[in-house]
Amino acid sequence: MNYRRLGLAGLKLSELSLGSWVTFGGQINEETAKACMTYAYEAGVNFFDNAEAYAHGAAETMMGNILSRVAWRRSSYVVSTKFYFGLFDGPNDTGLSKKRLTEGIAGSLKRLRLEYVDLIFCHRPDPETPIEETVWAMDQIIRRGQSLYWGTSEWSAAQIMEAYSVARREHLHPPQMEQPQYHLFHRERVEVEYRPLYEKIGLGITSWSPLASGVLTGKYNDGIPKYSRLALPGYTWLQEEATPERIRKVKRLQTVAADMGCTVAQLAIAWCLKNPNVSTVITGASSVKQVKENMGAGVIAQQLTDEIMEDILKII
Ligand code: NDP
């Protein structure tokens with residue numbers, strides 16, 4: 001496993017990490033989640049991603065139970081959580097206000113059974129809270145020792161720059177990382193919009209959905225299998241990820257993968273790893289078998305030549 005700095009921060013993350021959206025606290029039970037985390041950890045993964053909203057807090061509870069059962073050395077892993085969507089429907093139960101963030105981190109730490117998380121993200125921008133208020137609240141969380149770094153998820157480059165400027169002006173901790181969607185079919189933001197921020201503010205990237213929710217595994221090439229994410233109750237809206245055009249491209253990518261002796265999932269994850277601005281590619285999995293396959297992407301990334309990268313770009 002290779003480790004990369006989170007932008008210009010001193011923190012080093014495994015280039016492949018494991019997230020908990022859809023799976024933890026919902027689709028899979030604690031034993032399967034524990035086996036997935038353990039396999040990943042033993043393969044060198046040191047970053048586990050979470051959010052308070054995942055399975056309405058149950059993903060944090062499950063990860064907290066697992067971390068306390070496996071009892072790994074705290075300095076050997078990094079845990080994140082995110083705030084915005086909230087757990088309830090009241091007027092102060094969503095967004096990025098001081099009240100929301102202060103109460104949010106307290107709840108997350110309790111569910112995760114940790115004294116601090118390493119990373120916290122503003123899960124979306126909040127147009128109803130002044131950016132100064134959010135920056136101040138995130139800074140306070142860091143000063144209280146409840147998190148070490150803070151960042152954003154799916155904020156525009158302009159919003160990130162505004163938060164950064166406020167923090168610098170007020171001598172507060174600035175945002176240091178973004179968590180954007182990034183895969184073969186979704187590239188613009190990471191490759192174009194954020195480009196100036198990598199040097200200017202040392203932004204780190206923890207990218208999500210490297211397989212477009214599984215479309216880039218080829219599992220949806222002939223329809224939607226019964227036991228797959230796109231068939232899960234509550235997630236059928238994700239079926240729009242599997243457009244006929246994408247499926248045609250996945251089939252062509254499968255021939256590139258076959259030539260390399262790997263799976264298309266490994267090829268797709270490896271492709272994300274080739275971007276040096278990506279600090280870590282957060283993978284997702286509903287079984288140990290998938291974790292095992294996905295962890296093989298690191299080796300494939302080293303075999304991806306410029307020529308093969310060009311072939312891939314011609315297909316997508
Ligand atoms: P992917 O796009 O990689 O999708 C993961 C899903 O694809 C798995 O749960 C599994 O679903 C299927 N899959 C994975 N590997 C394989 C394989 N080798 N063979 C067959 N099927 C496979 O990633 P996610 O969408 O899960 O995103 C990764 C993480 O990023 C999340 O867990 C979360 O932590 C984070 N994230 C952050 C967001 C944000 O807004 N900040 C938004 C979304 C995710 P199944 O078996 O059920 O079909």
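**View 1. Aromatic pairs in the predicted model.** This model is predicted. The count of aromatic pairs comes to seven. One of them joins tryptophan 21 and tyrosine 235. Their rings meet edge-to-face. The centres are 6.1 Å apart, and the planes make an angle of 80°. An angle over 60 degrees counts as edge-to-face.

**View 2. Where the two rings come from.** Tryptophan 21 lies in the loop between strand 3 (16-19) and helix 1 (30-42). Tyrosine 235 lies in the loop between strand 9 (204-207) and helix 8 (244-260). The two parts are 214 residues apart in sequence, so the pair ties together parts that are distant along the chain.

**View 3. Polar contacts of the ligand.** Three side chains are shown here, each with an N or O atom facing a ligand atom. For serine 286, the distance to a ligand oxygen atom is 2.7 Å. For arginine 124, a ligand oxygen atom is 3.0 Å away. For tyrosine 54, the ligand atom is a nitrogen, at 3.4 Å. Taken alone, the ligand exposes 910 Å². The protein buries 96% of that area.

**View 4. The shell around the ligand.** How many residues surround the ligand? There are 32. The closest are Gln27, Asp49, Ser209, Lys219 and Ser286. By class, 17 residues of the shell are polar, nine are nonpolar and six are charged.

**View 5. The pocket and the elements that supply its shell.** The ligand takes up the space of the largest pocket. Strand 10 (280-283) and helix 10 (288-295) each supply at least two residues of the shell around the ligand. Helix 10 gives the largest share, three residues.

Key: Residues are numbered from 1 along each chain as its sequence is written. This is a predicted model: local features need pLDDT of at least 70, side-chain atom pairs count only at pLDDT 80 or more; totals for chains, interfaces and linings use all residues. Side-chain values use heavy atoms; hydrogens and water are left out. A residue is near a molecule or strand if one of its heavy atoms lies within 4 Å of it. A polar contact is a pair of N or O atoms within 3.5 Å; within protein, one must be able to donate a hydrogen and the other to accept it, and residues adjacent in sequence count only if both atoms are side-chain atoms. Accessible areas come from the Shrake-Rupley method with a 1.4 Å probe; for residues, only the protein chains shown count as cover. On a 1 Å grid over the protein atoms alone, a cavity is a set of points where a 1.4 Å probe fits but cannot get out, and a pocket is an open set with protein on both sides within 12 Å along at least five of seven lines; lining residues have an atom within 4 Å of a point. A molecule sits in a cavity or pocket if more than half of its atoms lie within 2 Å of its grid points. Helices (H or I, at least four residues) and strands (E, at least two) are DSSP runs, numbered from the N terminus. Ala, Val, Leu, Ile, Met, Phe, Trp, Tyr, Cys and Pro count as nonpolar, Asp, Glu, Lys and Arg as charged, and the others, Gly among them, as polar. Rings of Phe, Tyr and Trp (its six-membered ring) pair if their centres lie within 6.5 Å; planes under 30 degrees apart count as stacked, over 60 as edge-to-face and the rest as tilted.
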